[in-house]
Amino acid sequence: MLTKVFTTILAAALAWSPIVQAPTSLKLYIFDCGQLKSGNPDVLLARGVTTTDMSVAAYLIVHTRGTLLWDTGVIPDELIKPEGTIEARATVKKTLKGQLAEIGYKPSDITYLALSHNHYDHSANSNNFAGSTWLVQREERKAMFPDTPPAAPNTAAERFSALKNSKTTVLDGDYDVFGDGSVVIIATPGHTPGHQSLLVNLKKTGPIILSGDLYHYPAERTLKDFTPFAALGNPEQEKRSKIKVEAWLREKNAKLWIQHDIIAWQTLKKSPAYYE
Ligand SMILES: [Zn+2]
């Protein structure tokens, strides 16, 4: 009985709480984390993708309740030489730490870390942010830290290994990061088991969805049968995630920023400039 009364009071209190406004100060910074050559350009060229190189980006979202770093680059900062560093298909000229410092942030200032997914070209500097609260889908964390660890972890796994002991919020789907609808993690499994995309509802710019690797090139959206990366993960799941995000884009009248789209990338403002 007492519980019922309490629940009723609580429900009434919630009903009377004012509508939370998106904070006016929400900012989105884009960091240049280099470029990546395509591993298999022929299938892309065959379908009319003439620019097969990809951009590599990381993003910082600054909210009154904290900061969120989205993705951490393709080559660790400590390997970046002043003239730039090439590792396999990647070329990187700027460190993530240096770009954060330029706008007044240290890794220890970052409240939340979220990776679109664990692949090497999104997670290289993750160990530097092990002090942040890690927002990760349950299935992604399982894939990154399996119960039976591989005898010899690959380079990517070494570069995110410290997250295992991070303060972690395990997610089972979409997640409103700051509790006011302005920054929402969208569960988009398929490319990896716990792949995620990110809605950032900016006041002046309007709503943006950061794709992660749901798409790599705009042609994957226009040519519905063109899924050159589906075989890396679960193609059926990826298809459902694409339908989900396309619906979000329509409903929220949002723009999709394909993180690896180097042509769109060239038109975007980079940090220290920002979107608001
Ligand atoms: Zn990628």
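**A guided look at the predicted model**

Asn-165 is exposed, because its relative accessibility is 71% (exposed means over 50% relative accessible area, buried under 20%, and partly exposed in between, with a 1.4 Å probe and protein chains only). Asn-165 sits in the loop between helix 6 (155-160) and strand 8 (168-171). Helices (H or I, at least four residues) and strands (E, at least two) are DSSP runs, numbered from the N terminus. From the C-alpha atom of Asn-165 to that of Thr-192 is 21 Å, and the two residues are 27 residues apart along the chain.

This is a predicted model, in which local features need pLDDT of at least 70 and side-chain atom pairs count only at pLDDT 80 or more, while totals for chains, interfaces and linings use all residues. Residues are numbered from 1 along each chain as its sequence is written, and side-chain values use heavy atoms, with hydrogens and water left out.

Turn next to strand 3 (66-70). What surrounds strand 3? Of its 5 residues, 5 are buried, so strand 3 is largely enclosed by the rest of the structure. In a regular strand the side chains alternate between the two faces of the sheet. In strand 3, Gly-66, Leu-68 and Trp-70 point one way. Thr-67 and Leu-69 point the other way. Both groups are buried.

Strand 3 pairs with strand 2 and with strand 6. Two strands pair if DSSP finds at least two bridges between them. Strand 2 (residues 54-63) runs antiparallel to strand 3, and 5 bridges join them. A hairpin through 2 residues leads from strand 2 to strand 3. His-63 has Gly-66 of strand 3 as its bridge partner. Strand 6 (residues 112-114) pairs with strand 3 in the parallel sense, over 3 bridges. Here Leu-69 stands opposite Leu-113.

After strand 3 comes a loop that leads to strand 4 (85-87), and Thr-72 lies in this loop. Is Thr-72 buried or exposed? Thr-72 is buried, because its relative accessible area is 0%. Its side chain makes a polar contact of 3.1 Å with the side chain of Ser-126. A polar contact is a pair of N or O atoms within 3.5 Å; within protein, one must be able to donate a hydrogen and the other to accept it, and residues adjacent in sequence count only if both atoms are side-chain atoms. Leaving out residues up to four places away in sequence, Thr-72 touches several residues, including Leu-113, His-122 and Phe-129. Such contact means heavy atoms within 4.5 Å.

His-122 leads to the metal. Which residues are the protein donors of the zinc ion? They are Asp-121 (OD), His-122 (NE2), Asp-213 (OD) and His-260 (NE2), lying 2.1 Å from the zinc ion. Donors are N, O and S atoms within 2.8 Å of the metal (3.2 Å for Na, K and Ca); water is not among the atoms, so sites may look incomplete. The angles among the 4 donor atoms run from 88 to 156°, and the site is irregular. Four donors count as tetrahedral if all angles lie between 85 and 135 degrees; four count as square planar and six as octahedral if opposite donors are over 155 degrees apart and all others between 65 and 115; anything else is irregular. Along the sequence the donor residues follow the spacing D-H-x90-D-x46-H. His-122 belongs to helix 4 (residues 120-123) and Asp-213 to the loop between strand 12 (206-210) and helix 7 (219-222), so this pair ties together parts that are 91 residues apart in sequence. Both His-122 and Asp-213 are buried.

Strand 12 is also part of a sheet. This open sheet has 5 strands in the order 9-10-11-12-13, with mixed pairing. Strand 9 (175-176) and strand 13 (255-257) are the edge strands, each pairing on one side only. Strand 11 (residues 196-202) pairs with strand 12 in the antiparallel sense, over 5 bridges. Asn-201 stands opposite Pro-207 in strand 12.

Two more buried residues complete the tour. Ser-132 is in the loop between helix 4 and strand 7 (133-137). Ser-132 counts as buried because its relative accessible area is 2%. Its side chain reaches the backbone oxygen of Ile-110 at 2.8 Å. Leu-100, in helix 3 (residues 96-102), is buried with a relative accessible area of 0%. Not counting residues up to four places away in sequence, Leu-100 touches Phe-31, Leu-60, Tyr-105, Ile-110 and Phe-129.
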